[in-house]
Amino acid sequence: MSRPNIVFMMSDDHAAHAISAYGSRLNETPHIDRIADEGVRLDKVFCTNSICTPSRASILTGTYSHVNGACSIYSELDYRVPTYSQVLQDSGYQTAIFGKWHLGTTQKANPRGFDDWRIFPGQGDYIDPLMYGPAGEGVVEGYASNIITDLGLEWLGARDTTRPFCLMVHHKAPHRPWVPDEKHRDLYPVGSIPEPETMWDDHASRSHVVQDVGMTIADHLIETDVKEPTPDELLGEENTQARASWKYQRYMRDYLQTIQSVDDNVGRVLDWLDDEGLTENTIVVYTSDQGFFLGDHGWFDKRLMFEESLSMPVVIRWPAEISPRSRCEAIITNVDFAATFLDMCGLDPDEALPENQGRSFRPLLRGEEVQDWPTSMYYRYWEHDDPEHHAPAHYGVRTQTHKYIVYYNDGLGSPGSSDRVLPTEYELYDLVNDPAELTNVVDDPAYKAVREDLENELLRLQNVYGDEPYQGPDTPRLNWSV
């Protein structure tokens, strides 16, 4: 068989629990579900830094943030670190990316390793977005999810049919501020959307810095998010729960409507591949750059190492190797994507990407047992001083059964207070007995041995990946970190 093609579709902030293939109670995503039905659903894929720029950089390079330079949304992908798209291009693949890039604003930060590209500046706009590419920039009329799919299909139609291709269709949806396509505005009406079971989590056992995050549905979703002013009778601390419920319905209505357009456009791509006879030899991937809180624990946004934010939905179809309706429960990270794509295309990722820190999960997709596959993953979120979200910098380790998180706090005071300095704080969750992560058991004597094991595993992983544990506010920092 000739070398396979790749169509890699990625959205932004699409939580797995808003995909019906993952059991969503909220919405239906029939076209994304089709990929899972005809291929594999991966259930334990995690981002290593839950925010847009870092996750995209890790996917492209197969490296952690401290290696590729993109530690935060205020940083750029280090152009000296090679990407899998460059390797594929050099090996004869036709390559293109359309949609969201968000890996920097300088000339050096423009897409590399692509024959064609057209991207949004920054986050981009949902309606009539400005886009730029090798030929310049201009406004493209229409709705963003439709536009980038149009561009991708047009490029496929004009490709050299004698050579394999790698096409990336990267949606900005469902990123804030959640502006839906007009044709979906009647879906998921206010009052019809179930609230998550953890929406009224009181956070009593959590770290102080987590209790202080600026990501609550009640108080941190603003008028541009919910598209109308909050009624006066819902204002005030005594009305917090009613206000949260009111905002949740409007937030989720728009969020789910933007996802519907993504799903529609996934269907367009699948239909095009069928019509062109390319289904059998084309690897189709759908994922999101990270997860998202959908009212879970009373929050929206991402950043934190809790499951809703950490988890990435991933479904893959490749009839040549992947059995229909397969499931994969192995721990995988976004750092593993580049190695996997190159392996699928017949290339050795360790030779092709000298900085590679990932591992191909291709054998897992075939249903093979890999005895030495990792049973833990390492996470680090760097943006400790974000003025809007107040999400603390932290690192941690997740295994199949537990999660251990260290909020090193960097001498920070609590938001709004300049005189209270917070010490390092810790959290430990038993994912078997407490899958919703409601109770921090880090100081429970019954978990003393578990905590010690996880502390050692965290240090081991930091050593493996070459990431220094935090040493204090005077520690020299990488010039790209915040």
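**Sheet, pocket and cavities in the predicted model**

In this predicted model, four strands are arranged as an open sheet in the order E13-E14-E15-E16, with antiparallel pairing. Its edges are formed by E13 and strand E16 (425-430), each of which pairs on one side only. Direction ignored, neighbouring strands of the sheet are turned by 10° against each other on average. Within the sheet, strand E14 (residues 394-399) and strand E15 (residues 402-407) are joined by 4 bridges in the antiparallel sense. Val 397 has Tyr 404, in E15, as its bridge partner.

The edge strand E13, which spans residues 376-381, follows a loop that begins after helix H13 (362-365) and contains Pro 374. The relative accessibility of Pro 374 is 38%, so this residue counts as partly exposed, the partly exposed class lying between under 20% (buried) and over 50% (exposed). When residues up to four places away in sequence are not counted, Pro 374 touches Ile 331 and Arg 359. Between Pro 374 and Ile 59 the separation is 315 residues in sequence and 18 Å in space, C-alpha to C-alpha.

Empty space in the model was examined next. Rolling a probe the size of a water molecule over the atoms shows where empty space is left. The largest pocket holds about 830 Å³ of space. Its lining comprises 30 residues, of which His 17, Tyr 22, Asp 296, Glu 307 and Glu 308 are the closest to the pocket centre. At least two lining residues of the largest pocket come from each of strand E2 (40-42), strand E3 (45-46) and helix H10 (307-310). By class, the lining of this pocket consists of 15 nonpolar, 5 polar and 10 charged residues.

The count of cavities of 30 Å³ or more is 2. The largest cavity has a volume of about 60 Å³. Ile 59 belongs to the lining of the largest cavity, together with Phe 8, Met 10, Arg 56, Leu 60, Tyr 84, Ile 97, Lys 100, Trp 101, Leu 103 and His 170. Strand E1 (5-11) and helix H2 (52-61) each contribute at least two residues to the lining of the largest cavity. The greatest contribution to this lining is that of H2, with 3 residues. The lining of the largest cavity is made up of 8 nonpolar residues, 1 polar residue and 2 charged residues.

The second largest cavity encloses about 40 Å³. Its lining is formed by Thr 48, Asn 49, Tyr 64, Ser 65, His 66, Tyr 378, Arg 380, Trp 382 and Asp 467. Helix H3 (65-68) and E13 each supply at least two of the residues that line the second largest cavity. E13 thus appears both as an edge strand of the sheet and as a contributor to this lining. The residues around the second largest cavity fall into 3 nonpolar, 4 polar and 2 charged.

A further loop position, Thr 230, lies between helix H8 (223-226) and helix H9 (240-275). Thr 230 counts as buried because its relative accessibility is 19%, and buried means under 20%. Apart from neighbours within four places in sequence, Thr 230 is in contact with Leu 235, Arg 243, Trp 246 and Lys 247.

How values were computed
Residues are numbered from 1 along each chain as its sequence is written. This is a predicted model: local features need pLDDT of at least 70, side-chain atom pairs count only at pLDDT 80 or more; totals for chains, interfaces and linings use all residues. Side-chain values use heavy atoms; hydrogens and water are left out. On a 1 Å grid over the protein atoms alone, a cavity is a set of points where a 1.4 Å probe fits but cannot get out, and a pocket is an open set with protein on both sides within 12 Å along at least five of seven lines; lining residues have an atom within 4 Å of a point. Grid points are joined across faces, edges and corners, and a volume is the space filled by probe spheres set on the points. Ala, Val, Leu, Ile, Met, Phe, Trp, Tyr, Cys and Pro count as nonpolar, Asp, Glu, Lys and Arg as charged, and the others, Gly among them, as polar. Buried means under 20% relative accessible area, exposed over 50%, partly exposed in between (1.4 Å probe, protein chains only). Contact means heavy atoms within 4.5 Å. Two strands pair if DSSP finds at least two bridges between them. Axes are lines fitted to C-alpha atoms, for helices over the stretch in contact, and angles run from 0 to 180 degrees between N-to-C directions.
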